[in-house]
Amino acid sequence: MADALAGSGDAFAELAARHKSRVFGIASRFAHNAAELEDICQDVFIQAFVKLRQYRHDSPFEHWLVRITTHKCYDYLRKRRHRADHISVEAMLESGHEPHAAPAPVADPDLERLHAALAQLSPKERLVITLLELEDRSVQEVAGLTGWSAANVKVRAFRARAVLRKILEKSP
Amino acid sequence: MNDSSNDSSSQLDALFARARAHRPDTSRAEYGFETRLLARLRESRASVTASLWSIMAWRLAPFFAVAVLTLAVWQEKSSSDAADAAAVVGLDNPVAGEIWGN
């Protein structure tokens with residue numbers, strides 16, 4: 001950590017190797033495809049490297065990293081709203097993205113329905129539902145990660161569930 | 001109405017539980033991640049250094065412009081002073097006039 005703080009890229013790469021699974025695990029709940037997953041994770045660690053001096057040692061490094069990951073995922077959800085949903089492989093190659101191996105397809109049709117429904121939620125609704133229900137975080141934890149109040153998290157979660165139920169009822 | 005709402009809510013909870021249990025396998029995406037990250041870190045450092053140089057150059061541009069102008073004015077002034085001195089010395093001092101070729 002001290003070497004990474006001194007600006008050593010190699011030391012930071014070691015730190016990344018130790019914590020990447022956690023970051024990939026969370027980001028994979030939000031990423032649209034493998035290229036986006038890679039981008040989110042790289043952005044998380046780049047931001048962590050740049051802001052490493054702001055890390056206070058009063059909580060584990062991983063907590064701090066998870067907070068950055070949450071914010072990055074939310075940023076990506078917001079950005080995706082403004083983009084076309086499907087990007088062709090050619091467009092991805094032109095933009096410099098490598099079409100890495102896609103995440104393993106979800107074999108369960110019910111889960112596919114759920115993921116399709118989650119994709120229709122607003123970024124805030126999706127964030128709160130994913131953290132609470134899929135990542136199994138408590139309301140307090142979600143509040144700490146997002147910077148929202150606990151009451152706000154509860155209200156958003158309640159509304160998100162209602163929207164999700166409606167979407168699932170409509171879908172075949 | 002209330003029953004159906006409870007029913008759909010419990011169905012949703014069951015779906016969430018299944019989704020929680022099914023964590024996407026990211027091992028392939030994680031492979032070689034540190035190498036790619038280091039490459040991007042180096043790239044971003046290089047671009048940051050380049051942009052810092054360009055920012056500094058632009059910030060220092062007015063200073064250099066003033067310095068060049070001052071030098072030009074000083075040189076112009078000193079050369080005209082020397083010409084004046086030579087002219088004065090050549091007119092009033094016959095010895096100096098000989099030296100200057102007057």
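Two rings of Phe, Tyr or Trp count as a pair if their centres lie within 6.5 Å. Keep that in mind as we walk through this predicted model, since ring pairs are a good place to start.

Searching the whole structure turns up 8 aromatic pairs over all chains. Take A:Tyr55 and A:Phe61: their ring centres are 5.5 Å apart and their planes sit at 85 degrees, so this pair is edge-to-face. Planes over 60 degrees apart are what earns that label. Both partners are tucked away, too. A:Tyr55 has a relative accessibility of 8%, so it counts as buried, and A:Phe61 is buried as well, with a relative accessible area of 7%.

Ring pairs can also join up into something bigger than a couple. Here they link A:Phe12, A:Phe24, A:Phe45, A:Phe49 and B:Phe33 into a cluster. Look at the chain letters: the cluster takes in B:Phe33 along with residues of chain A.

Rings can have charged company as well. In chain A, A:Lys79 lies over the face of A:Tyr76, 4.8 Å from the ring centre. Elsewhere on the chain, the charged end of A:Arg156 sits over the ring of A:Trp148, at 4.3 Å from its centre.

Now hop over to chain B and find helix α3, which covers residues 33–92. B:Trp53 is found in this helix. Is B:Trp53 buried or exposed? Its relative accessible area is 58%, so B:Trp53 is exposed. B:Trp53 has partners out there: together with B:Met56, B:Leu60, B:Phe63 and B:Phe64, B:Trp53 makes a nonpolar surface patch of about 590 Å².

Definitions and conventions: Residues numbered from 1 in each chain as written. Chains lettered and ligands numbered in written order. Predicted model: local features only at pLDDT ≥ 70, side-chain atom pairs only at ≥ 80, totals over all residues. Heavy atoms only, no water. Patch = residues over 30% accessible without salt bridge, like charges linked within 9 Å, V, L, I, M, F, W, Y side chains within 5 Å. Areas by Shrake-Rupley, 256 points an atom, 1.4 Å probe, with all protein chains shown as cover. Salt bridge = Lys/Arg side-chain N within 4 Å of Asp/Glu carboxyl O. Helix = DSSP H or I, 4+ residues; strand = E, 2+ residues; numbered from the N terminus. Buried < 20%, exposed > 50% of the residue type's maximum accessible area, 1.4 Å probe, protein only. Phe/Tyr/Trp six-rings, centres within 6.5 Å; stacked < 30°, edge-to-face > 60°. Lys NZ or Arg CZ within 6 Å of the ring centre and 35° of its normal.
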